[in-house]
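Me: I have a structure open and would like to go through its strands with you. Could you look at it with me?

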Amino acid sequence: MTAQFPEPSPRPVSPGGIRASHDDREAVVERLRDAAAEGRIDFDELDSRLELALTARTHGELDCLTADLPVPHSASASAAENRPPLVLRGGMFGASLGPGRWDVPGRVIAHGGVGGVTLDFTRVECRLSEVVVEAYAETSGVTVVIPDGWVADTSGIDPGIGGLTDKTTSDRLPGTPLIRLTGSGAMGGVVVRHPNKRERRKLDAS
């Protein structure tokens with residue numbers, strides 16, 4: 001009797017539906033063992049989760065087993081570093097990112113265009129030790145807002161006609177990323193600063 005296989009689906013498979021490999025299962029097994037050693041799960045639960053991990057068929061089944069566990073620092077940082085650059089273009093009407101939670105890659109490219117670009121890091125969680133921001137001010141400029149305790153290195157910026165305005169402090173808190181600015185002030189100029197009074201009131205109220 002000839003084996004019957006399902007017809008290929010015209011729709012793409014969701015990330016959770018991708019088939020898990022032996023390495024994928026082993027990585028989850030290691031995370032579960034580490035969690036048990038740290039006291040996050042007891043040994044009865046460890047045995048139960050290990051059995052499910054070793055028989056999991058998809059990434060979604062594996063993800064369920066570690067959903068309530070913290071992401072290892074090295075894993076999350078590596079994923080962010082390998083993420084493609086984030087590109088913002090001001091165009092005619094401007095563009096902004098934040099304040100709010102968004103995934104920070106290792107490199108952000110901002111083109112001010114005619115409308116300008118604002119890049120706000122004040123509510124993000126960033127595990128990277130360094131983030132490169134390529135700021136090309138063009139006509140209307142690029143503004144970068146970073147939380148207190150973060151510092152910026154602006155030595156890679158060509159001030160151009162618009163200039164560079166750095167209103168940040170040099171008091172860096174442990175575990176915070178360095179924002180390394182490169183690019184050009186061109187006509188619009190580049191500004192890097194901490195939140196202003198109005199922005200601080202909004203942060204305090206939220």
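Reply: We can go through the chain as a whole and then its sheet pairings; please note that this is a predicted model.

Me: How many helices and strands are there in the chain?

Reply: The chain has 5 helices and 10 strands. It comprises 206 residues, of which 38% count as buried.

Me: What is the strand order in the open sheet?

Reply: The open sheet has 5 strands in the order β2-β4-β6-β10-β8, and their pairing is parallel.

Me: Why is one side of β2 and of β8 left without a neighbour in the sheet?

Reply: β2 (95-97) and β8 (164-166) stand at the edges and have a single partner strand each, so one side of each has no neighbour there. Neighbouring strands of this sheet are turned by 5 degrees against each other on average, direction ignored.

Me: And how many bridges pair β2 with β4?

Reply: The two pair over 3 bridges in the parallel sense, with β4 covering residues 117-120. As for one bridge, S96 has T118 in β4 as its partner.

Me: What about β9, which strands pair with it?

Reply: Strand β5 (residues 130-136) pairs with β9 (residues 178-184) over 7 parallel bridges. Strand β7 (residues 151-158) is joined to β9 by 6 bridges, and these two also run parallel. On the β5 side, E130 has L178 as its bridge partner; on the β7 side, A152 stands opposite I179.

Me: New topic: how much area does the chain expose?

Reply: The chain exposes about 12,600 Å², and carbon and sulfur atoms supply 53% of that area.

Note on methods:
Residues numbered from 1 in each chain as written. Predicted model: local features only at pLDDT ≥ 70, side-chain atom pairs only at ≥ 80, totals over all residues. Heavy atoms only, no water. Pairing = 2+ DSSP bridges. Helix = DSSP H or I, 4+ residues; strand = E, 2+ residues; numbered from the N terminus. Axes fitted to C-alpha atoms, helices over the stretch in contact; angles between N-to-C directions. Buried < 20%, exposed > 50% of the residue type's maximum accessible area, 1.4 Å probe, protein only. Areas by Shrake-Rupley, 256 points an atom, 1.4 Å probe, with all protein chains shown as cover.
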